[in-house]
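Here are some short exercises to try with the model open beside you. Work through each task first, then compare your steps with the solution.

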Amino acid sequence: MKSTSLVLCMASTLLGATPWEILTQGAADENFAKRAQAVAAIGSIRTAQADKLVEGALSDKESAVRLAAVNALAERKSRAALPALRSALDDESAEVSFTAARALWEMGDRGARDVLKQVLAGERKQSPGFLKQQVKDARSTLRNPRKMAWMGAKEGAGFLFGPLGYGMGMVEGMTHDGSAPARALAATLLAQHKDSQTREDLEDALHDKSPLVRVAAAKALGGFADRSLLPKLQPLVDDRSEPARYMAAAAVVRIERARPALKDKAKTD
């Protein structure tokens with residue numbers, strides 16, 4: 001009875017909350033997985049307020065949250081993010097430091113060379129389930145047809161897991177559907193071309209059975225900057241899956257913020 005009352009209390013607290021309030025509440029949640037999911041969604045919003053929250057998450061006590069923050073900063077490929085990414089090179093988590101190093105290297109910052117050299121030489125101990133485990137898993141996948149969908153998703157980590165802000169461990173915990181990562185990756189790649197057909201496909205994906213795919217679709221649609229998409233995204237703000245709920249809220253914030261800019265542009269054209 002107590003647990004039921006708690007759920008109803010939490011639901012009533014969120015009822016009527018704005019998308020931004022949903023995100024900030026998630027970023028401050030006691031549950032580290034929820035904090036990581038919220039930070040990943042906030043990372044898709046390009047505002048000073050969002051930047052402050054993401055960079056603040058680099059000091060979180062849980063590595064999953066710090067990884068979400070580093071992934072969010074890495075996706076931006078902005079020189080303004082360089083100082084924060086450099087500070088993450090010293091993170092105690094091998095996954096966080098390596099992700100920061102990779103991001104810096106791809107942005108042309110050679111200060112990450114030492115970390116990459118240490119990883120190459122095997123001098124940095126890798127956390128269970130990270131680099132060494134990935135190699136082992138990849139070999140196993142090649143011998144297991146049912147895991148081939150995962151292989152494509154892992155190879156496309158830079159397209160999917162980085163932009164979605166999640167590490168592999170969190171992605172594996174979000175779905176038991178073996179083909180979901182491939183579908184989410186497809187949504188992310190298709191979103192690079194913002195035509196009407198892609199939009200329709202992504203709208204359909206908002207109803208996918210996998211929360212991972214719904215997250216990818218919501219994030220992609222947030223980049224269309226079209227206010228007519230708000231009614232499509234709004235139901236997902238109440239999704240039973242926290243990652244999908246947070247990303248839908250972030251997409252709504254992005255679209256609402258982009259609207260005035262589009263109007264101003266139309267006036268000057």
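**Exercise 1.** In which loop is Ala 225 found? Then look up its phi angle.

*Solution.* Keep in mind that this is a predicted model. Start with the helices on either side: Ala 225 sits in the loop between helix H15 (211–222) and helix H16 (230–233). Next, turn to the backbone: phi of Ala 225 is near 50°, a positive value in a residue other than glycine.

**Exercise 2.** Find the loop that holds Lys 77, and decide whether this residue is buried or exposed.

*Solution.* First, locate the residue: Lys 77 belongs to the loop between helix H5 (63–76) and helix H6 (82–88). Second, check the backbone: its phi is near 50°, positive although the residue is not glycine. Third, take the relative accessible area of Lys 77, which is 53%. The cut-off for exposed is over 50%, so Lys 77 counts as exposed.

**Exercise 3.** Classify Arg 199 as buried or exposed, and list the polar contacts of its side chain with Asp 226 and Ser 228.

*Solution.* Begin with the setting: Arg 199 lies in helix H14 (residues 196–205). Its relative accessible area is 18%. Buried means under 20%, so Arg 199 is buried. Now follow the side chain: one polar contact goes to the side chain of Asp 226 (2.4 Å), and another to the side chain of Ser 228 (2.8 Å). Finally, widen the view to contacts of any kind: leaving aside neighbours within four places in sequence, Arg 199 touches Leu 221, Phe 224, Asp 226, Ser 228 and Leu 229.

**Exercise 4.** Which residues touch the most other members of the largest nonpolar core? Trace the contacts of Leu 23 as well.

*Solution.* The largest nonpolar core has 67 residues, and Leu 23, Leu 85 and Leu 233 touch the most other members. Helix H17 (residues 242–268) supplies the largest share of this core, ten residues. For Leu 23, set aside the neighbours within four places in sequence; its contacts are then Ala 38, Ala 41, Ile 42, Ile 45, Tyr 246, Ala 249, Ala 250 and Val 253. As background, nonpolar side chains tend to be buried together in soluble globular proteins.

**Exercise 5.** Describe the protein chain as a whole: how many helices and strands are there, and what share of the residues count as buried?

*Solution.* Count the elements: there are 17 helices and zero strands. Then take burial: 48% of the 269 residues count as buried. To finish, consider the surface: about 14400 Å² is accessible, and 54% of that belongs to carbon and sulfur atoms.

Note on methods
Residues are numbered from 1 along each chain as its sequence is written. This is a predicted model: local features need pLDDT of at least 70, side-chain atom pairs count only at pLDDT 80 or more; totals for chains, interfaces and linings use all residues. Side-chain values use heavy atoms; hydrogens and water are left out. Helices (H or I, at least four residues) and strands (E, at least two) are DSSP runs, numbered from the N terminus. Buried means under 20% relative accessible area, exposed over 50%, partly exposed in between (1.4 Å probe, protein chains only). A nonpolar core is a set of buried Ala, Val, Leu, Ile, Met, Phe, Trp, Tyr and Cys residues joined through side-chain atoms within 4.5 Å. Contact means heavy atoms within 4.5 Å. A polar contact is a pair of N or O atoms within 3.5 Å; within protein, one must be able to donate a hydrogen and the other to accept it, and residues adjacent in sequence count only if both atoms are side-chain atoms. Accessible areas come from the Shrake-Rupley method with a 1.4 Å probe; for residues, only the protein chains shown count as cover.
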